[in-house]
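Open the structure in your viewer and keep the sequence panel in sight. The stops below each give something to select and then say what is there.

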Amino acid sequence: YWINEMMCSYNNCKEEPILAYIAKNNKDIVVYDLKMNKLIKKIPSNHNDNICCIKHYQVRSFNEDYILTSSYDKSLRVFSSNKDFQCTMNILNMHDCYGIYSFVVLKNSSNTFVVSGCSYGQEKFKVWDFSKGTFI
C-alpha cells in the first residue's frame, strides 16, 4: 500500500477540510472533519476484499462530493455526500486482474465523467463512463 492511496484530504463543497481514509480493517471508510477534529461517519464499504485505494471527486455544479474506493475484489464503489455517504454506484469486475491499485476521475468536453483504472501487475488501463458505470 502507498500512503497517498490510503487516504485523501480535501475541502468539501462547504469549504470544510475533510480527511477520508481506509479504516484499520481495510474494509470500511472513515470520514473525518479536520477543522472540528471529529468523526463525521464510518462507512461500511461492503467490498468483498480489502480496499486498496480511496479518492475524492467533487462536482461543484451539483454541490456534491464523492468518495470512490477500489478493492482487491476488482470493484469500484462510489459514495455520495449528498446521500449520507450511501453507495450510489458499484462497478463490478472493473478489471480482470488482481486489483485496482490506482484510478483517477476525469471530465471530458461533453461533461461526461470518466474513471480510469489501472490494475496491479498487468498495467492495464480501462475507462468507464462515470455517469452510467459502464465500460467505454
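Two strands count as paired if DSSP finds at least two bridges between them. With that in mind, select S1, S2, S3 and S4 in this predicted model: the four strands form an open sheet in that order, S1-S2-S3-S4, with antiparallel pairing. S1 and S4 are the edge strands, each pairing on one side only. From one strand to the next, the twist averages 20 degrees.

Stay with S1 and S2. Five bridges hold this antiparallel pair. Select asparagine 11 and look across to S2, where proline 17 stands opposite.

Now show the whole protein chain as a cartoon. It has one helix and twelve strands. Starting at the N terminus, the order of elements is α-β-β-β-β-β-β-β-β-β-β-β-β. The protein chain has 136 residues, and 47% of them are buried.

**The second sheet**

Select S5, S6, S7 and S8 next. These four strands also form an open sheet, in the order S5-S6-S7-S8, and the pairing is antiparallel. Which strands stand at the edges? They are S5 (51–59) and S8 (86–91); each has a single partner strand, so one side of each is left without a neighbour in the sheet. Neighbouring strands here are turned against each other by 20 degrees on average, direction ignored.

Narrow the selection to residues 64–71, which are S6, and residues 76–80, which are S7. The two pair in the antiparallel sense over five bridges. Within this pair, isoleucine 67 stands opposite phenylalanine 79 in S7.

Move on to S7 and S8. They run antiparallel and are joined by five bridges. Leucine 76 has isoleucine 91 in S8 opposite. The two strands form a hairpin with five residues between them. Select aspartate 84 in the turn: its phi is positive, at about 55 degrees.

**The salt bridges**

Keep aspartate 84 selected and add lysine 41, with side chains shown. The two side chains meet in a salt bridge, 2.9 Å from N to O. This pair links distant parts of the chain, with lysine 41 in strand S4 (residues 38–44) and aspartate 84 in the loop between S7 and S8, 43 residues apart. Are these two residues buried or exposed? Lysine 41 counts as partly exposed because its relative accessibility is 25%, and aspartate 84 counts as partly exposed at 48%.

How many salt bridges are there? The count comes to two. For the other, select glutamate 15 and arginine 60, whose closest N and O atoms are 2.8 Å apart. This pair also links distant parts of the chain: glutamate 15 lies in the loop between strand S1 (7–11) and strand S2 (17–22), and arginine 60 in the loop between S5 and S6, 45 residues apart. Glutamate 15 is partly exposed, at 48% relative accessibility. Arginine 60 is partly exposed too, with a relative accessible area of 47%.

**The largest pocket**

For the last stop, select Asn12, Lys14, Glu16, Asp65 and Ser81. Of the 13 residues that line the largest pocket, these lie nearest its centre. The volume of this pocket is about 230 Å³. Colour the lining by class to see six nonpolar, four polar and three charged residues.

How values were computed:
Residues numbered from 1 in each chain as written. Predicted model: local features only at pLDDT ≥ 70, side-chain atom pairs only at ≥ 80, totals over all residues. Heavy atoms only, no water. Axes fitted to C-alpha atoms, helices over the stretch in contact; angles between N-to-C directions. 1 Å grid on protein atoms, 1.4 Å probe; cavity = no way out; pocket = protein on both sides within 12 Å on 5 of 7 lines; lining within 4 Å. Points joined across faces, edges and corners; volume = space filled by probe spheres on them. Nonpolar A, V, L, I, M, F, W, Y, C, P; charged D, E, K, R; others polar. Salt bridge = Lys/Arg side-chain N within 4 Å of Asp/Glu carboxyl O. Buried < 20%, exposed > 50% of the residue type's maximum accessible area, 1.4 Å probe, protein only.
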